[in-house]
Amino acid sequence: MKMTSRLLLNLGLALIAGLAVTASAAIAADKYPDKPIQLMVSYPPGGATDFQARIVTMMASKYLKEPIVIINKGGAGGQVGWNWFASSATQDGYDLGAYNLPHFISQSIAFNTKYNIHNVEPIANWGADPAVLIVPKNSPFNSIKDFVDYAKKNPGKITVSGAGLFVGHHIATLQLEKAANIKLTYVPAKGGVAALQMVMGDKVMAGFNNLSDAFRNQDRLKILGVADNERNKEFLPKVPTFKENGIPVDDSSVNFRGVMVRKGTPPEVIAMLAKNVPIMFKDKKVVAKMKAGGSPLHIMTREQVQKMFQARQKYLEALLKELRRKK
């Protein structure tokens with residue numbers, strides 16, 4: 001009898017403790033946010049993700065009542081930061097992460113990462129930044145045709161920089177190799193800025209980089225083609241797609257950027273962010289700054305991003321399997 005009473009007492013105390021924790025979490029969520037929020041960018045300062053993240057969060061105090069502070073954890077094409085985020089970031093809404101697709105998904109497929117689409121919760125998407133093929137200003141290549149013709153005659157001789165392994169730039173390179181039946185030598189750099197500098201400094205013969213970064217540096221390089229289904233009429237209306245040149249490279253490498261939290265973040269916090277973050281992205285000051293920086297906006301809600309995550313996971317699993325098989 002005593003044993004039964006003690007067991008019931010312990011169960012009762014555990015229930016009370018559980019209710020107290022739940023109530024405490026509810027109160028905390030109700031007051032959220034009451035201090036500055038961090039947004040982790042898994043690339044070094046100065047690159048497209050960092051540049052855009054600082055713009056799209058500049059009005060956070062107006063829409064979230066607290067500022068957003070950017071922290072950079074670069075390395076391994078995003079893996080260092082995202083591994084940290086998936087394992088060590090807080091689950092209270094004060095640690096946000098900037099995601100990049102296809103990078104986030106393709107790396108979780110290709111490598112043994114701590115992150116995947118199942119242990120994060122997307123909040124909203126702010127942009128879609130196509131990969132573009134760039135060459136140094138003094139390059140003999142003036143068109144996609146020049147580039148491909150040379151590659152066919154010189155297999156493996158063209159070096160192509162990109163922001164890391166299995167990021168959008170790498171996928172664009174793999175797609176171009178397969179679609180044009182050429183062999184290139186991919187050179188992964190420590191982020192988009194380093195990859196861009198390799199091209200501008202004649203360290204490589206070409207590179208795939210973000211449209212936004214290339215647009216801001218177009219006086220120091222040549223942009224030969226866009227890896228997307230259509231031309232970018234807003235920023236690079238004169239630059240053709242690969243498809244226009246008869247080379248079937250699609251939008252698989254387009255860099256979708258947005259905000260996420262760790263799985264386990266209170267639903268009330270997620271709901272608050274999901275409601276207000278897309279509105280913040282649409283602020284007229286944000287829109288103007290993004291346009292001035294050559295950064296395409298592509299705002300999506302939480303529900304839309306959730307569907308995109310699922311669709312891209314399935315698509316990239318098949319794409320990477322095919323691209324690797326063709327290597």
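**Entry 1: K65**

I start with a cut-off: a residue counts as exposed when its relative accessible area is over 50%. I am working from a predicted model, so I keep that in mind for every value below. I looked up K65 and found a relative accessibility of 62%, so K65 counts as exposed. K65 sits in the loop that runs between α3 (60-63) and β2 (68-72). Its backbone caught my eye too: the phi of K65 is positive, near 70°, and K65 is not a glycine. I also checked K65 against Q304, and their C-alpha atoms are 25 Å apart in space, with their places 239 residues apart in sequence.

**Entry 2: the whole chain**

Next I stepped back to the whole chain. I noted 12 helices and 11 strands in the protein chain. The C-alpha atoms fill a box of roughly 90 × 45 × 30 Å along the principal axes. Of the 327 residues, 55% are buried. I then asked how contacts spread along the sequence: among those with a separation of 6 or more, 79% are between residues 24 or more positions apart.

**Entry 3: the nonpolar cores**

Which residues have the most contacts inside the largest nonpolar core? I found F104 and L273, in a core of 63 residues. I followed L273 outward, leaving aside neighbours within four places in sequence, and its contacts are Y32, L64, L96, I123, V261 and P278. There is also a second, separate core of 22 residues, and I144, I158, I182 and A206 are among its members. For background, I jotted down that nonpolar side chains tend to be buried together in soluble globular proteins.

**Entry 4: A98**

Is A98 buried or exposed? I read a relative accessibility of 0%, so A98 counts as buried. A98 belongs to strand β3, residues 95-101. Beyond its neighbours within four places in sequence, I listed contacts of A98 with L39, M40, V41, T49, W82, W126, G258 and M260. I also paired A98 with I70: they are 28 residues apart in sequence, and 9.7 Å separates their C-alpha atoms.

**Entry 5: two cis prolines**

I went through the peptide bonds and wrote down two cis cases. One joins Y32 and P33, with omega at about -10°. P33 lies in the loop between α1 (2-31) and β1 (37-41). The other joins L101 and P102, with omega at about 15°. P102 is in the loop that leads from β3 to α5 (103-110). My margin note says that most peptide bonds are trans, and that most residues other than glycine have a negative phi.

**Entry 6: D202 and N217**

That note sent me to D202, which has a positive phi of about 60° without being a glycine. D202 is in the loop between α8 and β8 (206-210). Its relative accessibility is 43%, so D202 counts as partly exposed.

I looked at another loop residue, N217, between α9 (211-216) and β9 (221-227). With a relative accessible area of 16%, N217 is buried, because the cut-off is under 20%. Leaving aside neighbours within four places in sequence, N217 touches L196 and M200.

**Entry 7: the ends of α11**

What caps the N-terminal end of helix α11 (residues 284-292)? I found D283 there, with a side-chain oxygen 2.9 Å from the backbone nitrogen of K285. After α11 comes G294, and its phi is positive, near 65°.

**Entry 8: the cavity**

How many cavities of 30 Å³ or more does the whole structure hold? My search gave one. The largest cavity has a volume of about 120 Å³. Its lining has 17 residues, and Y43, A48, T49, G192 and N210 come closest to its centre. The elements giving two or more residues to this lining are α2 (48-56), α8 (192-200) and β10 (255-262). By class, I sorted the lining of the largest cavity into six nonpolar, nine polar and two charged residues.

**Entry 9: the pocket**

Last, I turned to the largest pocket, which holds about 260 Å³ of space. Of its 15 lining residues, A128, P130, D228, N232 and H298 are closest to the centre. The lining of the largest pocket divides into six nonpolar, three polar and six charged residues.

Terms used. Residues numbered from 1 in each chain as written. Predicted model: local features only at pLDDT ≥ 70, side-chain atom pairs only at ≥ 80, totals over all residues. Heavy atoms only, no water. Core = buried A, V, L, I, M, F, W, Y, C linked by side-chain atoms within 4.5 Å. Buried < 20%, exposed > 50% of the residue type's maximum accessible area, 1.4 Å probe, protein only. Contact = heavy atoms within 4.5 Å. Helix = DSSP H or I, 4+ residues; strand = E, 2+ residues; numbered from the N terminus. Polar contact = N/O pair within 3.5 Å; in protein donor to acceptor, adjacent residues only side chain to side chain. 1 Å grid on protein atoms, 1.4 Å probe; cavity = no way out; pocket = protein on both sides within 12 Å on 5 of 7 lines; lining within 4 Å. Points joined across faces, edges and corners; volume = space filled by probe spheres on them. Nonpolar A, V, L, I, M, F, W, Y, C, P; charged D, E, K, R; others polar.
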